[in-house]
Amino acid sequence: MLRGPAAVWAALGPLLWACGLALRGGMLYPRESPSRERKELNGLWSFRADFSENRRQGFEQQWYRTPLRESGPTLDMPVPSSFNDVGQDRQLRSFVGWVWYEREATLPQRWTQDLGTRVVLRIGSAHYYAIVWVNGVHVAEHEGGHLPFEADISKLVQSGPLASCRITIAINNTLTPHTLPPGTILYQTDTSKYPKGYFVQNINFDFFNYAGLHRPVLLYTTPTTYIDDITVSTSVDQDTGLVDYQIFVEGGEHFQLEVRLLDEEGKVVAQGTGGRGQLQVPNAHLWWPYLMHEHPAYLYSLEVRLTAQTAAGSVSDFYTLPVGIRTVAVTEHQFLINGKPFYFHGVNKHEDADIRGKGFDWPLLVKDFNLLRWLGANAFRTSHYPYAEEVMQLCDRYGIVVIDESPGVGIVLVESYSNVSLQHHLEVMEELVRRDKNHPAVVMWSVANEPTSFLKPAGYYFKTLIAHTKALDPSRPVTFVTNSNYEADLGVPYVDVICVNSYYSWYHDYGHMEVIQLQLATQFENWYKTYQKPIIQSEYGADTIAGFHQDPPLMFSEEYQKGLLEQYHLVLDQKRKEYVVGELIWNFADFMTNQSPQRVMGNKKGIFTRQRQPKGAAFLLRERYWKLANETRYPWSAVKSQCLENSPFTL
Ligand code: GCB
């Protein structure tokens, strides 16, 4: 039985959706099609950090007006990448303030001369606040470092004889109590201790505040009347898959829409017309998580064709969206995918690597997914911010289930619960849901990580935030991740699933692994008694320096990490028979943090090193995850499932 709020949302969901509460305003991933072209602007950009005292020299001297090299010296800066670790300059590594990026793009003639073409500049992410100019004209501004934004630049590039355009992007990485994540700037005015004008950025989260153009920047085209957005939501009636779709068109009023749903062989299995409808797929192949089914991650293709009548004649726009048919539901003690109990056995990640920092990188991404599959992981949480769109696409394709988290990490100050902060957090959730709503891999939204939600204003804050997220997307449960110490948490009553982090025998009772079983069992029992909701152990782990060995185990050795994990697993194995629905190790790989006496070149709780080599714990988890997969897959028949062929264990 669906319980309480979950049941209400399950019932209300389709209704709200049908009433048009679905999000408007598109952020469709730019895909090529017969009507759409794209031009990537990745590579070397010109770059300058504004080291002036107030960091505003770039604005005072209007660096966007003329090529950047004319207003001073520039550096070569790769995009996508963080700017921090590519250079040899210590000051640039820890720079706080405005940095300037610039790049010239040469456009195909048709883009600049065909007035029926719409040219869009799309920035995958710019951390944290960005202002964009094209040929010196302001075209966009965006707050938030982890989500894409766009500007229609057609008029600018089609207004003169120029076949090129100069793109300037100023980015400020300063975090304040109202940004997400929040931070504060600490000014030090004692001139006997600090040089004049000295300040530092303080943060309350445990990863390095890398900055720059972290994800692809590109230009793409559409016709002037175009498919702006598509929302799909799926359900299942016996063997029939139901795909509800809604298509939003911009730039014209006279148009027809046709949709076709194709299976993986390219066969049309359903079709429809108009901007809204339901496609019925008899004997549907459901989208199943990796290791849960012999054919996981089945994706259909929704082909949308728009035909519009314009003054210049008839134009067409085409967009193809991958669609997975699956359902998600939550009961008092279970997490259900396609009506079957799903157990999350996976990891928490970071977007983080040597040199590129948080810069998107295909080889790294493919390596990470190969490691996840080797490990037998069926899920991860996008701790602690939304990841690149390309990451989400691979999750859909490989069946890796995602808890999709907002950048609400390090919310500790009372100021960060103000209306200004809440308003921004609501907007970020809108942007996130708009971007990721169609990914079958996304099964739950997480609005925050370990906020001090026992503070008084937190109750209203999280009630509002969670209700808003559910209204945006009634088809998925919502959570935020709490800490085992935060039992008086005012936000937890509003979540559908409890995600709790704990670090027994690490941040307290150091070295005493013998307390873990008792403390963890008490944690689960207390939280379940209070809330009667399914629980995910959303973080646990121990810092481990690869190659440190000590037996009997001591903290920081590979043996200690393994020993600690084993103690957790004993309790998880009991409680997963009751109401614990998942375990996510902290962390997939070692990652960079701020410098502090607690961190030895970053956080070392990875089961892989930062270079993606396994520590001993990776093998231990691999054994566990494949065993869990063998126990929890569906159908439960004894037939050897293909997806388990690579299992290190015979069935
Ligand atoms: C946590 C945080 C995570 C930290 C981790 C740790 O609870 O959610 O961001 O990195 O603990 O290692 O301290």
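Trainee: How many residues surround the ligand, and which are the closest?
Mentor: In this predicted model, a residue belongs to the surroundings of the ligand if one of its heavy atoms lies within 4 Å. The shell found in this way has 13 residues. The closest are Asp206, His384, Glu450, Tyr507 and Lys605.

Trainee: How do the residues of that shell divide into nonpolar, polar and charged?
Mentor: Tyr counts as nonpolar, whereas Asp, Glu and Lys count as charged. On that scheme the shell around the ligand comprises four nonpolar, four polar and five charged residues.

Trainee: What distance separates a polar side-chain atom of Lys605 from an oxygen atom of the ligand?
Mentor: Polar contacts between side chains and ligand oxygen atoms involve several residues. His384 places a side-chain N or O atom 2.7 Å from a ligand oxygen, and Glu539 likewise has one at 2.7 Å. For Lys605, the distance is 2.5 Å.

Trainee: What share of the ligand's accessible area does the protein cover?
Mentor: On its own, the ligand has 320 Å² of accessible area. Of this, the protein covers 91%.

Trainee: Is Thr179 buried or exposed?
Mentor: Thr179 sits in the loop between strand 10 (164-172) and strand 11 (183-187). Its relative accessibility is 7%, and the limit for a buried residue is under 20%. Thr179 is therefore buried.

Trainee: Which backbone oxygen does the side chain of Thr179 reach at 2.8 Å?
Mentor: A polar atom of the Thr179 side chain lies 2.9 Å from the backbone oxygen of Thr176. Beyond four places in sequence, Thr179 touches Tyr128, Glu143, Thr174 and His424. The backbone oxygen reached at 2.8 Å is that of Pro181.

Definitions and conventions:
Residues are numbered from 1 along each chain as its sequence is written. This is a predicted model: local features need pLDDT of at least 70, side-chain atom pairs count only at pLDDT 80 or more; totals for chains, interfaces and linings use all residues. Side-chain values use heavy atoms; hydrogens and water are left out. A polar contact is a pair of N or O atoms within 3.5 Å; within protein, one must be able to donate a hydrogen and the other to accept it, and residues adjacent in sequence count only if both atoms are side-chain atoms. Accessible areas come from the Shrake-Rupley method with a 1.4 Å probe; for residues, only the protein chains shown count as cover. Helices (H or I, at least four residues) and strands (E, at least two) are DSSP runs, numbered from the N terminus. Buried means under 20% relative accessible area, exposed over 50%, partly exposed in between (1.4 Å probe, protein chains only). Contact means heavy atoms within 4.5 Å.
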